[in-house]
Amino acid sequence: MSISKNLSKIKSSLPPHVTLVAVSKTKPIANLMEAYNAGQRIFGENKIQEMTEKWEQMPKDIQWHMIGHVQSNKVKYMIPYVSLIHGVDSMKLLKEINRLATKWKRTVDCLLQIHIAEEDTKFGLDEKELHEILYSEELKTFQNIRIVGLMGMATFTVNQEQIKREFLHLKSIFDKLCQLNTENCQLTTLSMGMSGDYQLAIECGSTMIRIGSSIFGSR
Ligand SMILES: *Cc1c(COP(=O)(O)O)cnc(C)c1O
């Protein structure tokens with residue numbers, strides 16, 4: 001099937017409160033343009049350099065989401081244009097994003113990544129570390145970032161019960177923080193679900209799904 005057909009098939013099945021991020025990592029510009037011409041305006045990449053090259057070449061009304069792990073020393077390359085950073089998992093990184101966003105006179109939206117999977121190879125915060133960040137005094141001084149939600153990745157397994165448990169765990173953390181309402185912290189976005197598990201993620205309360213291979217084909 002074509003990229004535009006894949007996209008419209010997925011989109012037609014989504015409830016209105018769920019945002020689709022088209023994950024275009026490793027794919028050529030021609031593929032992204034096909035999605036763009038079919039109306040897609042949100043793209044996700046997991047490498048800053050690749051995302052920046054694509055941003056330079058693609059139309060400027062696209063929202064670019066960084067979905068991969070971010071190293072502090074590379075933040076500077078995406079700060080001028082990035083629209084949402086999904087994988088924030090330390091105070092140090094938030095501080096660097098805020099510093100550069102200030103320099104660029106921008107406000108940059110971030111999601112905090114929570115570790116919900118069994119594998120310890122996946123990045124992310126546990127609940128205690130999350131609270132340490134959200135309730136720290138230092139966070140209040142970061143005027144050029146906004147924490148708008150949480151992101152998580154389930155274990156890579158065929159066990160649907162396990163995936164469901166992990167998604168519901170993230171959703172319960174998210175729900176407890178929904179009443180949080182400070183200057184730079186309002187958690188409204190829950191980014192969970194990929195090609196293999198997005199229907200389950202939506203059932204479990206996801207508001208943002210990150211789909212790659214079901215749109216662009218396998219990598
Ligand atoms: C690659 C990637 C996706 C998309 O994966 P698919 O299985 O191709 O849909 C989603 N989220 C993150 C963080 C990724 O790195």
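**Strands, a ligand and some unpaired cysteines**

Trainee: Over how many bridges do strand 6 and strand 7 (residues 185-191) pair in the parallel sense?
Mentor: Strands here are DSSP runs (E, at least two residues), as are helices (H or I, at least four residues), and both are numbered from the N terminus. Two strands pair if DSSP finds at least two bridges between them. Strand 6 and strand 7 do pair, in the parallel sense, and their bridge count is four.

Trainee: What kind of model am I looking at?
Mentor: Residue numbers run from 1 along each chain as its sequence is written, and side-chain values use heavy atoms, leaving out hydrogens and water. Local features need pLDDT of at least 70, side-chain atom pairs count only at pLDDT 80 or more, and totals for chains, interfaces and linings use all residues, this being a predicted model.

Trainee: Back to the sheet: which residue in strand 6 is the bridge partner of cysteine 110?
Mentor: Strand 5 and strand 6 pair in the parallel sense over seven bridges. On the strand 7 side, cysteine 185 stands opposite a residue of strand 6, isoleucine 147. The bridge partner of cysteine 110 is also isoleucine 147.

Trainee: How many of the eight residues of strand 6 (residues 145-152) are buried?
Mentor: Buried means under 20% relative accessible area, exposed means over 50%, and partly exposed is in between (1.4 Å probe, protein chains only). Strand 6 is largely enclosed by the rest of the structure, because its count of buried residues is seven.

Trainee: Okay, the ligand. How do the residues of the shell around the ligand divide?
Mentor: A residue belongs here if one of its heavy atoms lies within 4 Å of the molecule; among them are Val23, Met151, Ser195 and Arg210. Ala, Val, Leu, Ile, Met, Phe, Trp, Tyr, Cys and Pro count as nonpolar, Asp, Glu, Lys and Arg as charged, and the others, Gly among them, as polar. The split is six nonpolar, three polar and three charged.

Trainee: What percentage of the ligand's accessible area does the protein cover?
Mentor: Look at the polar contacts, which are pairs of N or O atoms within 3.5 Å (within protein, one atom must be able to donate a hydrogen and the other to accept it, and residues adjacent in sequence count only if both atoms are side-chain atoms). A ligand oxygen is 2.5 Å from a side-chain N or O atom of serine 195, a ligand nitrogen is 2.9 Å from one in arginine 210, and a ligand oxygen lies 2.8 Å from a backbone N or O atom of serine 213. Of the 390 Å² of accessible area the ligand has on its own, the protein covers 90%. That is by the Shrake-Rupley method with a 1.4 Å probe (for residues, only the protein chains shown count as cover), and the covered share is 90%.

Trainee: Which cysteine has the sulfur closest to that of cysteine 204?
Mentor: A disulfide is a pair of cysteine sulfur atoms within 2.5 Å, and the count by this rule is zero. Cysteine 178 is in no disulfide, with its nearest cysteine sulfur, in cysteine 185, 12 Å away. Cysteine 204 is buried at 4% relative accessible area, whereas cysteine 178 is partly exposed at 40%. For cysteine 204 the closest sulfur is 15 Å off, too far for a bond, and belongs to cysteine 178.

Trainee: One last thing: what is the phi of lysine 105?
Mentor: Lysine 105 is in the loop between helix 5 (91-103) and strand 5 (108-114), and is exposed at 76% relative accessible area. Although lysine 105 is not a glycine, its phi is positive, about 55°.
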